[in-house]
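Work through the exercises below with the sequence and the model side by side, and try each task before reading its solution.

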Amino acid sequence: MSDPWDSPVAPLSARRGRHRRDPAPVRAGLVRAGLRFLRRRPGALWALAGWSVLEAAHTFALGFALARALDAGFLAGRPATGLWWLAAAGLGLLVGALGTARVYRQVAALAEPLRDTLVHRVVERGLCEAVSATVAPGRGSGDAGTSSVSRLTHQVEIARDSFAGVVMVSRSFAVTLAGTLAGLAALAPPLLLVVLPPLAAGLAVFAVTLRPLARRQRDFLVADEELATEAGSVVRALRDVAACGARQTVRGALRRRVDAERRAADALAYWGIARAVALGLGGRLPLVLLLALAPWLLRHGVSAGELAGALTYLTQALLPALQGLVHGLGGAGARLAVVIGRLRQGTVDPAAAGPAAPTASAQAPAPAEHGALTGPGGTARPPRGTPAGRSPSRVPAPRGFGGAPPALALRDVSFAYGPAARPVLCGLDLEVPAGGHLAVVGPSGAGKSTLALLAAGLLRPSHGEVRLSARTASATADGVLPVEQRVLIPQESYVFTGSVRENLSCLLPAHCPPPDAALSSAVEAVGAQALVRRLGGLAGHVEAAALSAGERQQVALARAYLSPAPLAVLDEAGSHLDPAAEERAESAFAQRGGTLVVIAHRISSALRADRVLVLDGPRTRCGTHRELLACSPLYRDLTAGWAPHPLAAERQTAGEGRTG
Ligand SMILES: Nc1ncnc2c1ncn2[C@@H]1O[C@H](COP(=O)(O)OP(=O)(O)OP(=O)(O)O)[C@@H](O)[C@H]1O
């Protein structure tokens, strides 16, 4: 039977709510799994117990030898005897230190197999995911598997460290308690009457509050993880956030995460009071009682040395061990429960599982909204020449090539990323007529993304001018870009936590919500209907961290498709899609109306365009496919060995006829 601790780990945030199980059976299962794991390693357990006995003996010797040193030695006027007892206590310390060193080894002998087993399983699972990512359509580059492996192995390290911590503090408390109680009983049984009741009360408080405390700790870890995930996705997609004018939305989403983490931290701190109460009752009250009841104890046959020995037990052994237990189980224990809980549930990270994975949500019957995606009412394509989601009256039809100002014009544009930096673009002139379709190709680092940012007004040229439909392209004074003029879809797409509908319509004016049919036709146009169906339709929930890079691109493409901007700039916007899905999305934009500039991820994009710009430093050329084959050695190299699809070649020929 496979070890239940061997299942892969999923981030809590990715499966929160949907995959949450009744915690009681999960906890019971955890305990059973833990016991089974320990039973399989009897050698390490016996060795651990043996060395722990040495530690307990050392604890016993500490207070006992001190009491004898006082009573039989120094207080009885026999300093030599006192010194002998102190020497015995010192020897006990050395033996205890030897025991502690051996204990560490035995804990490692338990923790390392746990780690090895988990890593083995996690890597195996990650490889499966990576393989399925490369073969499943629409899964993009397949980096989900590797990133999930790195995330999961990190969690395995947490599990290993937490497990070792829990074993250490629980074992240390158990042996110290045994040594202390044995020592107190050996010194004078009335001491137990004073120490045991508050100690038992403190342990009871700790036991009762452990579970809610662990829950608060878990909530805090989840909130922390969600904030980190959200912040990470925002950082990766800053360009898209700026390009979409989504700063307010992003700020709001981040603020919600920060507030959630603050609330979780407050609740944790509140429950932290319970820890202080447990420590006060079990660790400090016995000390106070021992001092307060000293006269009574002395009257009932307890000697001064025995009192000092008891105080030593409490201050030097029991209190530190109790502190270790309370803090260790509250922190490492909660972390261990969180991580092992993930292992037990064996849920695959939806971000890594992808749309092809047979998840419950993928197989669930489609909600009613799916009709809007696939039904007769939802398939209406926006009229050609009209960006989807706009009412035709507000959409200027793309103007032809003659007479009208170009949709995008660069005049003698140079750009460098710094005053002393090498210019990326130098004296570039370019015109894209309204309704035109330009592909930009070139080697890595040639400046394609820089050109996209200049066209979108996100960068200002160092020299020259960029104009959009005869207006200068630049941000307004407060840094907000005019989304009505152009839409840019960069490589890293920003998707925020919210409904599918909110994610799709955030580029549209708030006072003019798009009809569902427009949203659905945009989704269908860019080929995202399977994704939206899996998410639960337009009202379905988008958890940004649970989408693969390709899925995020599909959402961003549908959102841009809906935008009213007459110019769309796709900067490798389909780089995580498979070639067929990328072609479908690009074709949708070509038919959407307006002007299209595609920074080509694959050379096939060039054949779909009317014209191609080959960025090649001083040998930069712009022309049709055929013209470039004749005049650009770089273009010949880029297209060499590439067999175009016959339909694409046909389209290109037709395009040449149009632009000729
Ligand atoms: N923010 C930046 N600061 C400084 N230099 C940058 C910055 N962004 C890009 N560059 C540099 O500008 C040059 C062009 O980069 P750009 O990203 O535009 O190229 P690209 O053709 O899009 O490359 P790729 O195909 O690899 O995405 C590169 O040398 C790059 O290192």
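**Exercise 1.** List the residues around the ligand and sort them by class.

*Solution.* Taking a residue as near the ligand if its C-beta atom, placed from the backbone, lies within 6 Å of it, one finds Tyr-417, Val-424, Gly-442, Ser-444, Gly-445, Ala-446, Gly-447, Lys-448, Ser-449 and Thr-450. Next, count Ala, Val, Leu, Ile, Met, Phe, Trp, Tyr, Cys and Pro as nonpolar, Asp, Glu, Lys and Arg as charged, and the others, Gly among them, as polar; the shell then has three nonpolar, six polar and one charged residues.

The model is a predicted one, in which local features need pLDDT of at least 70 and side-chain atom pairs count only at pLDDT 80 or more, while totals for chains, interfaces and linings use all residues. Residues are numbered from 1 along each chain as its sequence is written.

**Exercise 2.** Compare the UniProt record with the helical content of residues 191–210.

*Solution.* The unreviewed UniProt entry, whose annotations may be inferred rather than shown by experiment, places "transmembrane region" at several spans, including 163–185 and 191–210. With helices taken as DSSP runs (H or I, at least four residues) and strands likewise (E, at least two), residues 191–210 are 100% helix and 0% strand, their end C-alpha atoms being 28 Å apart. Residues 163–185 are also 100% helix and 0% strand, with 33 Å between the end C-alpha atoms.

**Exercise 3.** Where does helix H6 bend?

*Solution.* H6 covers residues 190–236, and a kink of about 45° (the angle between axes fitted to the seven residues ending there and the seven starting there) lies at Leu-210, shortly before Pro-212.

Note on methods: The expected span of a helix is 1.5 Å times one less than its number of residues.
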